[in-house]
Amino acid sequence: MPGAVTNPQQLVVAARTFVYLAPVATAFPADVDTAPAAEWISVGLTEEDGLKFSTEPDFQEITSAQSDFPVRRVQTKDAASIEVTLQEWSGANFQAVFGGGTITKTGTAPSEVYKFTPPQIGERIERACMLETYDGDKIYRFAFPRVFQIEGVELEFKKTNASTLPLKLGILGGDGTAPWYAITNDPAFDVAP
């Protein structure tokens with residue numbers, strides 16, 4: 001199209017992505033240069049094509065006898081989720097994937113045994129979540145103050161590939177706090193006057 005302005009620098013190629021979890025109410029870094037505080041625990045390695053953030057608003061269409069098309073759409077609710085496939089197995093990742101649970105240790109070195117017990121109904125815990133993605137010098141941080149594990153877990157044990165842990169988190173809202181927000185140093189977000 002003649003006169004169209006394009007800018008390939010505004011493409012985002014997520015060269016690196018990181019996922020952190022923390023207790024609810026943990027402070028998020030205020031910018032993209034500050035390292036997450038110690039309460040933020042990295043989930044470690046994830047599959048390279050396995051990180052998704054989705055919003056899922058619901059709308060109701062209002063129809064009228066005077067139109068073959070809806071005359072108005074109103075949003076009736078909102079939802080969002082995060083999906084990531086974890087490659088590192090740890091007690092913290094098991095608790096994230098299963099929504100809580102307990103880990104107990106028995107025995108003494110070198111014969112220690114660890115037992116994971118999944119949460120019972122009503123015992124799942126909320127967490128805070130932060131996603132980071134890097135594209136060269138551009139950094140994007142997505143902050144989710146409250147998330148909750150929302151799916152069953154299917155584990156596969158294969159001889160030909162590493163076994164993974166599927167993590168799916170639903171984003172929760174409430175108390176006038178934004179359910180999620182993003183911060184970035186990408187100059188493409190600068191709104192011209």
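The legends below describe four close-up views of a predicted model.

**View 1. The largest pocket encloses about 500 Å³ of space.** Its lining consists of 22 residues, and those closest to the centre are Ala-14, Arg-16, Thr-17, Phe-18 and Leu-51. Two or more lining residues come from each of the strands β1 (16-22), β3 (46-55), β9 (127-135) and β10 (138-149). Strand β3 gives the largest share, 8 residues. By character, the lining comprises 10 nonpolar, 6 polar and 6 charged residues.

**View 2. The second largest pocket holds about 190 Å³ of space.** Among its 15 lining residues, Glu-83, Val-84, Pro-166, Leu-167 and Lys-168 lie nearest the centre. At least two residues of this lining are supplied by each of β3, β6 (80-86) and β11 (165-171). The lining divides into 6 nonpolar, 4 polar and 5 charged residues.

**View 3. Phe-94 and Phe-98 form one of the 13 aromatic pairs in the structure.** The ring centres of Phe-94 and Phe-98 are 5.5 Å apart and the planes meet at 40°, so the pair is classed as tilted. Both residues belong to helix α1 (residues 91-98), where they are separated by 4 residues, about one turn of the helix. Phe-94 and Phe-98 are both buried. Together with Trp-89, Phe-116 and Phe-157, they make up one aromatic cluster.

**View 4. Tyr-140 and Phe-189 form an edge-to-face pair.** Their ring centres lie 6.1 Å apart with the planes at 65°, which is over the 60 degrees required for this class. The pair links distant parts of the chain, 49 residues apart: Tyr-140 is in strand β10, and Phe-189 is in the segment after β12 (181-184). Tyr-140 is buried, with a relative accessible area of 7%, whereas Phe-189 is exposed at 54%.

Definitions and conventions:
Residues are numbered from 1 along each chain as its sequence is written. This is a predicted model: local features need pLDDT of at least 70, side-chain atom pairs count only at pLDDT 80 or more; totals for chains, interfaces and linings use all residues. Side-chain values use heavy atoms; hydrogens and water are left out. On a 1 Å grid over the protein atoms alone, a cavity is a set of points where a 1.4 Å probe fits but cannot get out, and a pocket is an open set with protein on both sides within 12 Å along at least five of seven lines; lining residues have an atom within 4 Å of a point. Grid points are joined across faces, edges and corners, and a volume is the space filled by probe spheres set on the points. Ala, Val, Leu, Ile, Met, Phe, Trp, Tyr, Cys and Pro count as nonpolar, Asp, Glu, Lys and Arg as charged, and the others, Gly among them, as polar. Rings of Phe, Tyr and Trp (its six-membered ring) pair if their centres lie within 6.5 Å; planes under 30 degrees apart count as stacked, over 60 as edge-to-face and the rest as tilted. Buried means under 20% relative accessible area, exposed over 50%, partly exposed in between (1.4 Å probe, protein chains only).
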